[in-house]
Amino acid sequence: MSLQTEIDKRKTFGIISHPDAGKTTLTEKLLLFGGAIQEAGAVKSNKIKKGATSDFMEIERQRGISVATSVLAFEYKNHKINILDTPGHKDFAEDTYRTLTAVDSVIVVIDVAKGVEEQTEKLVQVCRMRNIPMLVFINKLDREGKDAFDLLDEVEQKLGLRTCPLSIPIGMGASFQGIYNIWENNIQLFTEEKKQKIGETIKFDDINDESIDEIVGKKAAENLREELELIQEVYPPFNREEYLAGELQPVFFGSALNNFGVRELLDAFIEIAPKPQPKNSDNRLVKPEEDDFTGFVFKIHANMDPKHRDRLAFVKIVSGTFKRNENYLLVRDGKKLKFSSPNAFFADKKEIVEESFPGDIVGLHDTGNFRIGDTLTSGEKINFKGIPNFSPEHFRYINNSDPLKAKQLNKGVDQLMDEGVAQLFTMEMNNRKIIGTVGALQYEVIQYRLEHEYGAKCSYEPLSIHKACWVEADEKSEEFKEFARLKQRFLARDKFNQLVFLADSSFTIHMTQEKFPNVKLHFISEFRNADNFEKI
Ligand code: G4P
């Protein structure tokens with residue numbers, strides 16, 4: 001098969017939602033359709049238990065799940081579909097942001113009763129900033145929930161999307177009868193008994209067909225006709241270019257648990273969702289159909305087994321064909337690396353592959369060479385943009401509790417930071433080390449892993465910092481020198497030796513910005529080439 005055919009076959013996407021909206025259930029149903037799993041429950045039995053408890057089993061499970069479901073690939077109607085897992089837990093939000101740099105589109109799942117929730121808002125905002133094409137799936141239609149049109153309004157208002165309904169529910173909750181599929185012009189009837197099976201689909205060419213009245217009842221049929229008219233008048237018609245440009249978001253309704261509306265979603269998805277897209281690097285746009293291989297690391301996962309301290313780096317292939325046992329350049333440090341057992345991921349297994357193509361994710365065994373964001377190429381010296389670090393929410397000093405193990409501690413901290421578990425800052429004044437995280441759970445993960453994987457012990461000391469601000473300034477200017485003198489107790493370096501101002505309050509940030517207008521403070525590490533991320 002030619003490279004172009006391989007590219008055209010592929011769709012790589014992520015499902016995003018607030019916890020509990022039904023992401024896992026939908027994923028599972030998509031896999032069922034793809035024949036990738038045989039029974040419901042296969043993904044679920046593996047899933048992250050919700051709500052952060054702080055016992056270590058939980059931490060282990062959190063880590064375990066992300067390997068098992070990091071990438072779920074399956075074939076459907078001659079397409080190769082790669083679903084990338086995006087952790088729903090907010091302590092792992094940064095992981096999700098990074099994963100979103102590797103998807104070509106997303107499906108947003110919303111609970112019909114709860115409507116738009118906090119985590120969905122944040123994630124959709126990230127997608128909007130990058131113009132990622134989005135499909136919306138409104139889930140749990142078998143339950144009482146909000147009126148469909150109110151929900152569409154809410155999605156537009158809260159998420160800033162421009163919606164285009166491609167299906168519409170007939171009734172809801174106890175009176176839920178099915179879904180009118182605008183995309184395919186048919187009605188899929190819902191019956192409780194068919195719970196785990198696919199419901200009956202009836203095709204209509206004309207919405208005025210009287211048999212609709214017989215099937216769903218006169219009142220519901222009239223209602224449906226009115227609603228369809230309203231949709232035609234009020235909502236923009238579907239336009240693929242607008243969807244691909246991130247300017248229009250088709251909406252589907254259904255019930256993942258009941259397998260309802262899922263096939264419609266999947267069928268529309270494979271027809272309209274984008275194939276692997278070009279990606280910007282620091283000196284040119286790289287297109288998937290180029291012969292030479294390029295890719296980037298968006299996730300690193302440590303081995304669960306402490307006896308084997310290797311890691312798995314997840315590489316999204318941007319262009320060309322990735323081949324086993326071929327030499328590739330790790331651009332950051334100029335090393336040539338060869339991989340004898342690259343993994344490809346499927347719903348229920350991982351396998352060693354000879355070749356992978358744009359849109360695919362390969363898992364590369366790594367003994368400590370990779371960092372999140374690294375670019376790997378056939379030889380060209382380019383770096384892909386856009387895997388930023390955001391300011392952490394929590395900050396603590398890290399202390400070594402066992403002086404004989406200082407080396408192990410440093411190595412462990414270094415490697416965990418490469419994996420993107422947390423961020424390290426070193427104080428300018430006294431070289432003390434600070435760990436910054438998105439959620440408090442990470443401190444326990446770090447402490448546990450340092451002990452079990454590196455044999456090092458650490459303790460933490462609380463620190464009252466509001467935000468890390470990356471500093472951009474002319475370091476020779478008098479203004480900067482004055483800033484550095486006044487703020488010396490709050491200046492640190494990140495892992496890449498960039499200067500960071502650790503501000504103790506938003507008031508301090510405000511005052512500092514007023515006093516030193518030419519010392520720019522950024523809330524994201526990659527401020528030099530961040531594409532719009534900064535506003536988040
Ligand atoms: P998440 O990954 O987004 O966190 O959500 P998940 O799929 O785990 O679904 C959250 C809960 O919502 C689950 O119930 C799931 O069964 C339920 N659910 C998902 N889709 C539907 C739907 O279409 N209709 C209804 N009524 N419920 C749905 P749970 O009780 O938390 O878990 P479980 O005991 O069923 O595993």
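This tour moves through a predicted model from the whole chain to selected helices, strands and single residues.

**The whole protein**

Begin with the entire chain in cartoon view. The protein has 14 helices and 31 strands. Of its 536 residues, 55% count as buried. Among contacts in the protein with a separation of 6 or more, residues 24 or more positions apart account for 72%. Colouring the cysteines will show no cross-links, as the structure holds zero disulfides. Two cysteines may be picked out: Cys-164 counts as buried because its relative accessibility is 2%, and Cys-458 counts as buried at 7%.

**Helices α2 and α10**

Select residues 23-33, which form helix α2, together with residues 262-272, which form helix α10. The two helices pack at an angle of about 75 degrees, and their axes are 10 Å apart. The angle therefore makes α2 roughly perpendicular to α10. To see the contact, display the side chains of Leu-26, Lys-29, Leu-30 and Phe-33 on α2, and those of Val-262, Arg-263, Leu-265 and Leu-266 on α10.

From α10, move to the loop between β11 (249-253) and α10, where Asn-259 lies. Its phi is near 60 degrees, a positive value in a residue other than glycine. Asn-259 has 6% relative accessibility and so counts as buried.

**The hairpin of β2 and β3**

Next, select residues 71-76, strand β2. Five of its six residues are buried, so the strand is largely enclosed by the rest of the structure. Add residues 79-84, strand β3, which pairs with β2 in the antiparallel sense over six bridges. Within this pairing, Phe-74 stands opposite Ile-81 in β3. The hairpin has two residues between the strands, and Lys-77 takes a positive phi near 45 degrees there.

**The loop between β8 and β9**

Select Asn-185, which lies in the loop between β8 (178-181) and β9 (186-189). Phi of Asn-185 is near 55 degrees, again a positive value in a residue other than glycine. Is this residue buried or partly exposed? Asn-185 is partly exposed, because its relative accessible area is 34%.

**Val-353 and Ser-356**

Proceed to Val-353, in the loop between β20 (350-352) and β21. At 15% relative accessibility Val-353 counts as buried, since the cut-off is under 20%. Leaving aside neighbours within four places in sequence, it is in contact with Arg-324, Pro-342, Asn-343, Ala-344 and Val-362. A distance may also be drawn from Val-353 to Ser-340: the two are 13 residues apart in sequence and 9.4 Å apart in space, C-alpha to C-alpha.

Ser-356 is found in strand β21, residues 355-356. It counts as buried, with 2% relative accessibility. Which residues does Ser-356 contact, leaving aside its neighbours within four places in sequence? They are Ile-317, Gly-320, Thr-321, Phe-322 and Val-362. Val-362 thus appears among the contacts of Val-353 and among those of Ser-356.

**The eight-stranded sheet**

Now bring the open sheet of eight strands into view. Its order is β27-β24-β26-β25-β29-β30-β28-β31, with antiparallel pairing. The edges are β27 (458-462) and β31 (520-522); each has a single partner strand, so one side of each is left without a neighbour in the sheet. From one strand to the next, the twist averages 40 degrees.

Within the sheet, select β25 (residues 423-427) and β29 (residues 491-493), which pair in the antiparallel sense over two bridges. Met-427 stands opposite Ala-492 in β29.

**Helix α12 on the sheet**

Keep the sheet displayed and add α12. This helix packs on the sheet, touching β24 (394-400), β26 (433-437) and β27. Its direction makes about 155 degrees with that of β27.

Helix α12 comprises residues 441-454 and has 14 residues. From first C-alpha to last it reaches 19 Å, close to the 20 Å expected at 1.5 Å a residue. The helix is mostly covered, with ten of its 14 residues buried. Those buried residues include four tyrosine and leucine positions worth labelling: Leu-441, Tyr-443, Tyr-448 and Leu-450. Polar or charged names also occur in the buried set, among them Gln-442, Arg-449 and Glu-453.

End the tour just after α12, at Gly-455, which takes a positive phi of about 65 degrees.

Note on methods: Residues are numbered from 1 along each chain as its sequence is written. This is a predicted model: local features need pLDDT of at least 70, side-chain atom pairs count only at pLDDT 80 or more; totals for chains, interfaces and linings use all residues. Side-chain values use heavy atoms; hydrogens and water are left out. The expected span of a helix is 1.5 Å times one less than its number of residues. Buried means under 20% relative accessible area, exposed over 50%, partly exposed in between (1.4 Å probe, protein chains only). Two strands pair if DSSP finds at least two bridges between them. Axes are lines fitted to C-alpha atoms, for helices over the stretch in contact, and angles run from 0 to 180 degrees between N-to-C directions. Contact means heavy atoms within 4.5 Å. A disulfide is a pair of cysteine sulfur atoms within 2.5 Å. Angles under 35 degrees count as roughly parallel, over 145 as roughly antiparallel, 65 to 115 as roughly perpendicular and the rest as oblique.
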